[in-house]
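Here are my notes on the model you sent, set out as numbered points. Please read them with the coordinates open.

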Amino acid sequence: MLEHLKKLVGIFRNKYLTATLLFILWITFFDQTSIIYDVHLTQKEKQLKAQKTYYEKQTLAATEQLKELQTDPANLEKFAREKYFMKKSNEDVYVLVDENNHLLDTLNTKVK
């Protein structure tokens, strides 16, 4: 066991190896821009880009829907009936609910 300890101390007497190991430890864990922090930021960037794409698609869909509502009164009536459950005086409205008591819209997706 004493021989193993002497070999280990001998390895750390090499100043270049010791400096390299300390540098790797410092860059990996302790530096302000450590490798771990860099990986975290890369994951966050991917997540934000995915959110950006999602919201751009939602904005485009909402813009198209707004154009339809502004140009055609039939679409405006359809939208009011589907989203706000408006009805004419001689009609009945049936609201569809899934097994968890969430309202369902016409695309069969949950409405919050």
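1. What does the secondary structure of the protein chain come to? In this predicted model, the chain has four helices and two strands, and from the N terminus on the elements follow the order α-α-α-α-β-β.

2. On confidence, the average pLDDT of the protein chain is 80, and 89% of the residues score at least 70. Among the elements, helix 3 has the highest mean pLDDT, at 92, whereas strand 2, residues 110-111, has the lowest, at 44. The pLDDT is below 50 over residues 106-112, a stretch that nevertheless has 10 contacts in the model beyond near neighbours in sequence. Where pLDDT is low, the predicted coordinates should not be read in detail.

3. As to burial and contact order, 5% of the 112 residues of the protein chain count as buried. When contacts between residues at least 6 apart in sequence are considered, 2% of them join residues at least 24 apart.

4. The packing of helix 3 (residues 35-71) against helix 4 (residues 73-84) deserves a look: the angle is about 120 degrees, and the axes are 5 Å apart. From helix 3, Gln65, Glu68, Leu69 and Thr71 take part, and they meet Pro73, Asn75, Leu76 and Phe79 of helix 4. By residue class, this contact divides into four nonpolar, three polar and one charged.

5. Does the length of helix 4 agree or disagree with its number of residues? With 12 residues at 1.5 Å a residue, helix 4 should span 16 Å, and its end C-alpha atoms are indeed 16 Å apart, so the two values agree. Just after helix 4 comes Phe85, whose phi is positive, near 55 degrees.

6. Ile27 lies in helix 2, which covers residues 15-30. Its relative accessibility is 24%, and Ile27 therefore counts as partly exposed, since the cut-off for buried is under 20%. Leaving aside residues up to four places away in sequence, Ile27 touches Ser34 and Ile35.

7. Which arrangement, stacked or edge-to-face, describes the aromatic pair of Tyr54 and Tyr55? The structure holds one aromatic pair, and these two residues form it edge-to-face, with 5.1 Å from centre to centre and 70 degrees between the planes. The accessibility classes of the partners need some care: Tyr54 counts as partly exposed because its relative accessibility is 47%, while Tyr55, at 52%, counts as exposed. The cut-off that separates these two classes is 50%, and the labels should be read together with the percentages, 47% for Tyr54 and 52% for Tyr55.

Terms used: Residues are numbered from 1 along each chain as its sequence is written. This is a predicted model: local features need pLDDT of at least 70, side-chain atom pairs count only at pLDDT 80 or more; totals for chains, interfaces and linings use all residues. Side-chain values use heavy atoms; hydrogens and water are left out. Axes are lines fitted to C-alpha atoms, for helices over the stretch in contact, and angles run from 0 to 180 degrees between N-to-C directions. Contact means heavy atoms within 4.5 Å. Ala, Val, Leu, Ile, Met, Phe, Trp, Tyr, Cys and Pro count as nonpolar, Asp, Glu, Lys and Arg as charged, and the others, Gly among them, as polar. The expected span of a helix is 1.5 Å times one less than its number of residues. Buried means under 20% relative accessible area, exposed over 50%, partly exposed in between (1.4 Å probe, protein chains only). pLDDT is the predictor's confidence in each residue, from 0 to 100. Rings of Phe, Tyr and Trp (its six-membered ring) pair if their centres lie within 6.5 Å; planes under 30 degrees apart count as stacked, over 60 as edge-to-face and the rest as tilted.
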